[in-house]
Amino acid sequence: MKYIIIGLGNFGTSLGLRLCDLGHEVIGIDSRESIVEEFKDKLTGTVCMNSVDEASLRSQSVLEVDAVIVAIGEDWAASIQTTALLQQMHVKRIIGRSLSKLHETVLTGLGIKEIINPEYTAALEIANSIVSQSVVHTYNITSRIAINEITVPKYFANQTVQDIDLAKNFGLTLIAIKYQQATGGKMYSGNKGSWQVTRYFEDFKFSEGDRIVVYGDNDQMQKLLDLINK
């Protein structure tokens, strides 16, 4: 897929590099020549231009890409103007970055349905990792429900999924197990870097340092984390 990212700050460049790692094409746009020059060989391409100039924006084939992400993080007015221009051009998918609740309200008023706040999302995940160093990643489904990737504690070692029984003991749903070694000589399905991933739990026996991906209520999740943190 092909994306345009407008605004190559920390968030915009990190997003662009990750999308490229995943095999997508990414064109980065920024008004700062030094930034454009720095990332010209790291993204699929970069363009130095003012995104609030309609003619310049149209010249970038914004109607032909799968999505345009407005990642501008410092200039509130430029973010709104750029987004409004993209709406007027009938770009099929616009993803906006909000800098505040007011900014989000304005973007919503412009008809933007996909709005992200990377600072807020990062804060939630960092808060969870501060509370418990066992939490590797968090994805909040609602204010009450989340998916967490958790490093299992030492006392999980040599116990099976049935021994731990997350559903019975904690009311949590086990989605996947990530591990770095074969268990019982059997390699499970999937590969992600040096980690193996399995969803076949019947004879899986934990080793210290394995990770579990679990879904459930935050209060129930906290009970598991409290036990792990003892």
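## Strands, crossovers and salt bridges

At 55% relative accessibility, serine 34 counts as exposed, and this residue sits in helix α2. The model is predicted, so let us take the tour with that in mind. Along the way we meet parallel strands joined by right-handed β-α-β units, and a total of nine salt bridges.

**Around helix α2**

- Strand β2 (residues 25–30) and strand β3 (residues 45–48) run parallel and are joined by four bridges.
- Together with helix α2 (residues 33–38), β2 and β3 make up a β-α-β unit that is right-handed.
- Within this pairing, aspartate 30 stands opposite cysteine 48 in β3.
- Cysteine 48 also gives a handy reference point for serine 34: the two are 14 residues apart in sequence, and their C-alpha atoms are 9.1 Å apart in space.
- Aspartate 30 has a second partner in arginine 32, since their side chains meet in a salt bridge of 2.8 Å, N to O.
- The two partners differ in their surroundings: aspartate 30 is buried, at a relative accessible area of 6%, whereas arginine 32 is partly exposed, at 35%.

**Helix α1**

- Helix α1 spans residues 10–21, which makes 12 residues, and covers 17 Å from its first C-alpha to its last, close to the 16 Å expected at 1.5 Å a residue.
- Its buried residues are Phe11, Gly12, Thr13, Gly16 and Leu19.
- Just after α1 comes glycine 23, with a positive phi of about 95 degrees.

**Strand β5 and its two neighbours**

- Side chains in a regular strand alternate between the two faces of the sheet.
- In strand β5 (residues 94–97), Ile94 and Gly96 point one way while Ile95 and Arg97 point the other way, and all are buried.
- Strand β4 (residues 67–70) runs parallel to β5, with three bridges joining them, and valine 68 stands opposite isoleucine 94.
- To get from β4 to β5, the chain passes through helix α4 (residues 76–88) in a right-handed β-α-β crossover.
- Strand β6 (residues 114–116) is also parallel to β5 and joined to it by three bridges; here glycine 96 stands opposite isoleucine 115.
- The unit made by β5, helix α5 (residues 101–109) and β6 is a right-handed β-α-β as well.

**Salt bridges that span the chain**

- Glutamate 149 and lysine 178 form a salt bridge through their side chains, at 3.2 Å from N to O.
- That pair links distant parts of the chain, with glutamate 149 in strand β8 (residues 145–151) and lysine 178 in strand β9 (residues 173–179), 29 residues apart.
- Both glutamate 149 and lysine 178 are buried.
- Glutamate 149 also forms a salt bridge with arginine 211, with 3.0 Å between the closest N and O atoms.
- Because glutamate 149 lies in β8 and arginine 211 in strand β11 (residues 211–217), this pair ties together parts that are 62 residues apart in sequence.
- Arginine 211 is buried, just as glutamate 149 is.
- Elsewhere, Arg144, Asp217 and Asp219 are joined into one network by salt bridges that share partners.

**A nonpolar patch on the surface**

- Tyr139, Ile141 and Tyr215 form a nonpolar surface patch, together offering about 310 Å² of accessible area.
- One of its members, tyrosine 139, belongs to strand β7 (residues 135–140) and is exposed, with a relative accessible area of 54%.

Terms used: Residues numbered from 1 in each chain as written. Predicted model: local features only at pLDDT ≥ 70, side-chain atom pairs only at ≥ 80, totals over all residues. Heavy atoms only, no water. Patch = residues over 30% accessible without salt bridge, like charges linked within 9 Å, V, L, I, M, F, W, Y side chains within 5 Å. Areas by Shrake-Rupley, 256 points an atom, 1.4 Å probe, with all protein chains shown as cover. Salt bridge = Lys/Arg side-chain N within 4 Å of Asp/Glu carboxyl O. Helix = DSSP H or I, 4+ residues; strand = E, 2+ residues; numbered from the N terminus. Buried < 20%, exposed > 50% of the residue type's maximum accessible area, 1.4 Å probe, protein only. Pairing = 2+ DSSP bridges. Right-handed = clockwise from strand over helix to strand, strands pointing away. Expected span 1.5 Å × (residues − 1).
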